[in-house]
Amino acid sequence: MIKETLYADMQKAIVDGDGAAAGRLAAEAAKSGLDLLEVIEKGYVPGLAKVGELWEQGEYFLPELISSAEAMKAAMAVLEPELRSARLKARTAGKAVIGTVEGDIHDIGKNLVASMLQAGGFEVFDLGADVKLEKFIEQAEAVGADFICLSALLTTTMANQRRLIELLKQKDLRAKYRVLVGGAPASQKWAEEIGADGYAENAVAAVKLAKSLNPVRS
Amino acid sequence: MVKTKRPKIEFLSPELVERIVDEGYALLERQGVFVENEEAMGLLKAAGARADESALRVRVDRRLVGECLTTTPPSVTMFDRSGEKSYIVGGDEIHFNPGSAAVSLLDHRTQKERKARTRDLVDFCRLVETLEHIHFQSTGLISADVPPAVSDCYRLYLGLLLSTKPVVTGTFRVEGFEPMKDLLAAVRGGEEELAAKPLAIFDACPSPPLKWSNLTAQSLIDSARAGIPSETISMGMTGATSLATIAGTLVQHVAESLSGLVICQLARRGAPVIFGGSPSSFDMRKGTTPMGAIETMMIDSAYAQIGKHLKLPTHAYMALSDSKVNDAQSGIETALGAALAALAGVNVISGPGMLNFESCMSLEKLAIDNEICGMAYRLVEGIAQREDPIALDKFEGYKPGATFLTHPHTRLWYRKEHTLAKLMDRDPYEAWVMAGRTTTLDKAHKDVQERLGKYSLPPLPDSLRKELRKIMTRYARPSGLARLPRTGL
């Protein structure tokens with residue numbers, strides 16, 4: 001198959017949110033011995049960019065957005081082992097530890113952000129919901145994260161976002177991480193008030209935000 | 001005389017009701033439900049449900065559900081604090097109460113949301129006591145000046161001190177149940193007396209899809225044993241935590257609600273359970289849960305119909321808005337919800353006062369909504385044949401140009417047939433200009449101030465007041481709250 005056609009099909013698979021096709025095309029690319037880093041950059045990433053555009057134009061809604069993110073994950077699930085065996089590494093946009101803070105069991109918004117970050121090239125460590133604050137820090141330390149992303153849906157649990165930042169300061173680790181906050185009650189003002197590095201109001205904005213903040217140690 | 005028709009709407013054909021209920025049963029049999037509470041799991045297993053403990057999953061067959069339905073009372077009678085005034089929750093009776101557990105208050109002066117404090121809760125309870133169309137009070141605001149761990153009980157404590165109305169409430173943590181029950185029992189003079197004359201309804205929300213958390217399952221069990229009515233609040237979000245189709249969401253609603261009902265009945269046969277909910281249409285752009293979406297109201301009205309089919313009392317979160325202030329949107333969504341809920345015959349309607357996806361309480365909105373609720377009660381009274389003949393005899397001796405203003409028929413009936421508006425504007429234009437071009441919000445604020453001014457504390461024996469305070473203080477102390485905030489009473 002001509003490379004350009006393959007890339008166009010990959011882009012389409014992402015835009016259509018077709019995980020099966022995205023995975024199949026990735027396997028094809030690997031079998032034909034293509035440069036897999038180029039495959040990601042020229043085949044799949046333009047698909048994601050297109051999805052972002054469609055979202056911003058109001059053409060795409062959450063179901064399309066998440067299906068596309070899942071399709072991207074399906075492709076990467078095929079490509080990553082191949083890259084590893086070739087001792088290559090996909091260019092990562094950074095490592096992010098994410099979770100809903102303790103006392104809060106709402107995880108839909110957090111899942112959306114985790115999916116979009118992952119699709120956007122971040123290495124994501126999703127700790128789930130009702131996550132103890134210490135756990136965020138332990139995990140971030142363990143994996144050498146760049147970002148700690150905190151979700152909260154309740155005003156009562158939102159205070160834990162502030163507490164995490166205080167905890168980082170106590171441990172003298174604040175400068176090591178970019179702390180991003182989100183969730184219904186959070187806001188730009190709140191982020192500034194508690195000294196977070198950023199706030200995003202939705203999953204697409206979260207990826208943009210993370211990309212705009214250079215990882216602390218790139 | 002012809003019997004008055006109670007105006008009613010039904011969204012589902014009888015065939016579709018049957019199909020939805022049948023699939024709800026099948027869902028419980030095939031997929032089962034997740035129960036993260038040991039005691040509930042034990043009860044279900046003892047009743048023959050097939051449990052898969054490693055996954056905390058239990059499959060319940062329709063025979064057990066059917067059996068539990070037969071022991072659940074078709075209606076519950078709530079009593080006010082004095083135990084004298086009663087309210088039937090069942091049939092097509094409707095009772096409005098404020099939306100529950102707002103995390104913030106819309107401050108009228110700044111028109112911004114802020115955290116509520118004790119004095120705000122006091123104002124809220126006082127206002128509710130004066131609102132004639134709000135039958136029940138609810139623990140509708142969370143106070144930020146007490147530790148979160150005791151805030152569930154604290155709302156109830158203030159509500160019982162300040163208002164005589166029955167309460168819609170719920171626990172925030174398992175430990176909250178005991179002191180809350182103690183407060184209620186203290187008012188009634190004993191636990192048996194409380195069970196005989198329920199004073200509060202406890203909400204318990206399953207986590208969609210198909211899960212009862214430790215907290216909510218425990219609330220069902222504890223309430224059932226204390227004879228306190230439980231309100232199951234299933235809350236699927238279409239396309240996110242339940243199916244995108246309304247009928248699909250209703251199937252899940254049936255499965256979640258009935259599994260909760262089974263837990264209640266296994267804890268104590270005959271325990272009162274209200275088939276309630278707070279499902280919503282999920283906004284696929286914003287990822288939010290609009291309570292004012294027309295589809296949300298359709299889901300609510302439809303499951304209420306299913307609840308009636310199952311011969312259960314019903315509840316819904318309707319008559320509220322997602323707007324952030326009192327504006328056109330808040331009026332539209334609230335009034336539409338109130339009218340539909342009333343026409344659907346939802347027994348307990350929670351919502352008035354609430355803005356911003358069930359998260360913000362506005363006292364001014366509550367006053368406006370009180371008027372909306374009044375319209376809704378009037379609406380479902382319907383149109384009666386008052387006299388026989390209806391009209392003919394009133395036209396005897398009719399002369400051209402005559403009016404009915406002085407006719408005895410008018411004096412006899414106009415007050416019964418027509419309601420007078422208090423906040424809705426019905427002034428002629430010039431009068432409205434002369435009166436300062438006031439808006440609904442201006443009038444609502446004035447109304448709130450007047451009502452708070454006129455409020456007088458419903459008397460409570462000193463000994464009981466002390467007892468309530470003792471229960472509250474005892475519960476608050478371990479959370480580091482040595483003294484309760486001043487209520488200014």
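**Exercises on strands, a helix and a chain contact**

**Exercise 1.** Identify the residue of β10(B) that is the bridge partner of S138(B), and place the two strands in their sheet.

*Solution.* Step 1: in β10(B), S138(B) has V168(B) as its bridge partner. The model is predicted, so local features require pLDDT of at least 70 and side-chain atom pairs pLDDT 80 or more, while totals for chains, interfaces and linings use all residues. Residues are numbered from 1 along each chain as its sequence is written, and chains are lettered from A and ligands numbered from 1 in the order in which they are written.

Step 2: β9(B) pairs with β10 (residues 167–169) of chain B in the parallel sense, over two bridges. Strands (E, at least two residues) and helices (H or I, at least four) are DSSP runs, numbered from the N terminus; two strands pair if DSSP finds at least two bridges between them.

Step 3: the open sheet has five strands, in the order β9-β10-β11-β13-β14 of chain B, with parallel pairing. Its edge strands are β9 (137–138) and β14 (273–277) of chain B, each of which pairs on one side only.

**Exercise 2.** Describe how β4(B) and β5(B) are joined.

*Solution.* Step 1: β4 (residues 76–79) and β5 (residues 86–89) of chain B pair in the antiparallel sense over four bridges. Step 2: opposite M78(B) stands Y87(B) of β5(B). Step 3: the two strands form a hairpin with six residues between them, and G83(B) in the turn has a positive phi of about 80°.

**Exercise 3.** Check the length of helix α11(B) against its expected span, and state what covers its buried residues.

*Solution.* Step 1: the expected span is 1.5 Å times one less than the number of residues. The 17 residues of α11 (residues 328–344) of chain B should therefore span 24 Å, and the end C-alpha atoms are 24 Å apart, which agrees.

Step 2: the buried residues (20 or more other C-beta atoms within 10 Å of their own, C-beta atoms being placed from the backbone) include S330(B), E333(B), L340(B) and A344(B). Step 3: among the elements covering them are α10 (294–309), β15 (315–317) and α12 (363–381) of chain B. Step 4: just after α11(B), G345(B) takes a positive phi of about 70°.

**Exercise 4.** State how many residues each chain gives to the contact.

*Solution.* Step 1: chain A gives eleven residues and chain B nine, where contact requires C-beta atoms, placed from the backbone, within 7 Å. Step 2: on the side of chain A that touches chain B, the largest share, three residues, comes from α5(A).

Conventions: A residue is buried if 20 or more other C-beta atoms lie within 10 Å of its own, exposed if 12 or fewer, and partly exposed in between; C-beta atoms are placed from the backbone. Two residues are in contact if their C-beta atoms, placed from the backbone, lie within 7 Å.
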